[in-house]
Amino acid sequence: DPVGLVVRDEARGELGVVEDEIVTGANDVWVVRGGPYGEVLIPVIDQVIVRIDWDAMTADVRLLPGLIEER
């Protein structure tokens, strides 16, 4: 269960915490909230999820263009 994972992007730093997971037919999507970018929807695909450390409850991601509104 990914709820509670702290999500960090390689380029932007911490994005927030996974608060929910949307299960779809193609791939799951994490709903990340509480960070500087507001709500971020992260597709759980190999191109985005770099590493998950279940012991530390962290996930490192590499966001694809268009997944986040740049500030």
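Switch on the surface first: in this predicted model, the accessible surface of the chain comes to about 4,300 Å², and 49% of that area belongs to carbon and sulfur atoms. Beneath it, 32% of the 71 residues count as buried.

Now change to a cartoon view. You will find six strands and zero helices, so from the N terminus on the elements read β-β-β-β-β-β. The radius of gyration is 11 Å, close to the 11 Å that the globule rule gives for 71 residues, so the chain is as compact as a globular protein of that length. Turn the model along its principal axes, and the C-alpha atoms fill a box of roughly 30 × 30 × 20 Å.

Next, select residues 13-22 and 29-35, which are strand 2 and strand 3. They run antiparallel and are joined by six bridges, forming a hairpin with six residues between the strands. To see one pairing, pick Asp20: its bridge partner in strand 3 is Val31.

Keep strand 3 and add residues 38-43, strand 4. These two strands also run antiparallel, with five bridges, and the hairpin that joins them passes through two residues. Click on Val32 here and look across to Val40, its bridge partner in strand 4.

Finally, show side chains for Val7, Leu15, Trp30, Val32, Ile42, Val61 and Leu63. These have the most contacts inside the largest nonpolar core, a set of 15 residues. Strand 2, strand 3, strand 4 and strand 6 (58-61) each give two or more residues to this core.

One last stop is the contacts: among those between residues at least 6 apart in sequence, 32% join residues at least 24 apart.

Conventions
Residues numbered from 1 in each chain as written. Predicted model: local features only at pLDDT ≥ 70, side-chain atom pairs only at ≥ 80, totals over all residues. Heavy atoms only, no water. Pairing = 2+ DSSP bridges. Helix = DSSP H or I, 4+ residues; strand = E, 2+ residues; numbered from the N terminus. Core = buried A, V, L, I, M, F, W, Y, C linked by side-chain atoms within 4.5 Å. Buried < 20%, exposed > 50% of the residue type's maximum accessible area, 1.4 Å probe, protein only. Rg over C-alpha atoms; globule rule 2.2 N^0.38 Å. Contact = heavy atoms within 4.5 Å. Areas by Shrake-Rupley, 256 points an atom, 1.4 Å probe, with all protein chains shown as cover.
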